Amino acid sequence: MSIQNTIKSMTTTQILKKKGVEKITMLTAYDALMAKIFDGEVDMILVGDSLQMSFFGESDTLGATLEQMIYHTKAVCRGAKSSLIVCDMPFGSTTTPEIALKSAIQIYKETKAQAIKLEVGFEGLQSIQMLVENGIAVMAHIGLKPQFVRSEGGYKVQGKTQESVESLIKLAKDIEQKGAFSILLEGVRAEAAKAITQSVGIPVIGIGSGADVDGQVLVWSDAFGFFEEFKPKFVRQYLKGVELLRQGVRQYVKDVKSGAFPNEQESY
């Protein structure tokens, strides 16, 4: 049974209460069509800057703009009425606490997103505090941070050393102290992710961070087989999307060329 039948609208408070009680589910979406399909089936929908890769065809996420994120978030909000919607803060929109606040206020004013997500290290703690103090719900993204891919020389798994694990635990605790309602933990070794999750009282949503976290998020085109360029190790494909769609396209072309479509019932 979908959660559509049990709730009217998911809130950050409800997400917080799931910590240690039930696993939290999250998928990305970039338009009203997919958002409507996912709505009520998952707890949260992330309008991720991953759209720059899976939707726009770029090699990384850095080119996404605030205007693009707002446009896609508006569309997702029109399609989803039950799942909690989180808007990703794109590269360059959080460089100072003041800029982060201005960007987040614009998102809140122009969309119906219930929260924002920003990639942070220790330098971002002040931004989290400022956003929370101004009534903006924050999901903090730590671990492997795609917006730092160029400066870090690629996508590198985190939490491989004791020093790294201790640093991530301290960061997670500081994030909780600053008022974030949840943490997205990407590309962290499973043992480290478990320790980080146990160290805080807010939900930790994992992607490529093992099973011992409070929930999982996947990019929808990865999860349902619509992204062919590569499949990350942490992705499980629940549908052969491209294969099924191509079959449908080819049947459509065949029917048109043969004259089988449209038939008498499909004509006025």
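This is a chat between a visitor and a guide about the predicted model above.

Visitor: Hi! What kind of model is this, and how are residues numbered?

Guide: It is a predicted model, where local features need pLDDT of at least 70, side-chain atom pairs count only at pLDDT 80 or more, and totals for chains, interfaces and linings use all residues. Residues are numbered from 1 along each chain as its sequence is written, and side-chain values use heavy atoms, with hydrogens and water left out.

Visitor: Cool. How many helices and strands does the protein have?

Guide: There are 10 helices and 8 strands. Both are DSSP runs numbered from the N terminus: helices are H or I with at least four residues, and strands are E with at least two.

Visitor: And how far does the protein span along its principal axes?

Guide: The C-alpha trace spans about 65 × 40 × 35 Å.

Visitor: Which strands does strand 8 pair with?

Guide: Strand 8 (residues 215–218) runs parallel to strand 1 (residues 24–28), with 4 bridges joining them. Strand 7 (residues 204–207) also pairs with strand 8 in the parallel sense, over 2 bridges. Two strands pair if DSSP finds at least two bridges between them.

Visitor: Which residues face each other there?

Guide: Methionine 26 has valine 217 in strand 8 as its bridge partner, and isoleucine 205 stands opposite glycine 215 in strand 8.

Visitor: What about aspartate 214, where is that?

Guide: Aspartate 214 sits in the loop between strand 7 and strand 8.

Visitor: Is aspartate 214 buried or exposed?

Guide: Aspartate 214 counts as buried because its relative accessibility is 9%. Buried means under 20% relative accessible area, exposed over 50%, and partly exposed in between, using a 1.4 Å probe and protein chains only.

Visitor: Which polar atoms does its side chain meet?

Guide: The side chains of aspartate 214 and lysine 19 share a polar contact of 2.8 Å. The aspartate 214 side chain also has a polar atom 2.8 Å from the backbone nitrogen of valine 204. A polar contact is a pair of N or O atoms within 3.5 Å; within protein, one must be able to donate a hydrogen and the other to accept it, and residues adjacent in sequence count only if both atoms are side-chain atoms.

Visitor: New topic! How many residues are in the largest nonpolar core?

Guide: That core has 57 residues, and Phe38, Ile142 and Ile175 have the most contacts inside it. Helix 7 (residues 162–177) gives the largest share, 6 residues. A second, separate core of 16 residues includes Ile24, Met26, Met44 and Ile207. A nonpolar core is a set of buried Ala, Val, Leu, Ile, Met, Phe, Trp, Tyr and Cys residues joined through side-chain atoms within 4.5 Å.

Visitor: What is phenylalanine 38 in contact with?

Guide: Leaving aside neighbours within four places in sequence, phenylalanine 38 is in contact with residues including Leu27, Ile45, Trp220 and Phe224. Contact means heavy atoms within 4.5 Å.

Visitor: Last one: what happens just after helix 10?

Guide: Just after helix 10 (residues 241–258), glycine 259 takes a positive phi of about 90 degrees. In the segment after helix 10 you also find proline 262, joined to phenylalanine 261 by a cis peptide bond with omega about 0 degrees. Most residues other than glycine have a negative phi, and most peptide bonds are trans.

How values were computed: Expected span 1.5 Å × (residues − 1).
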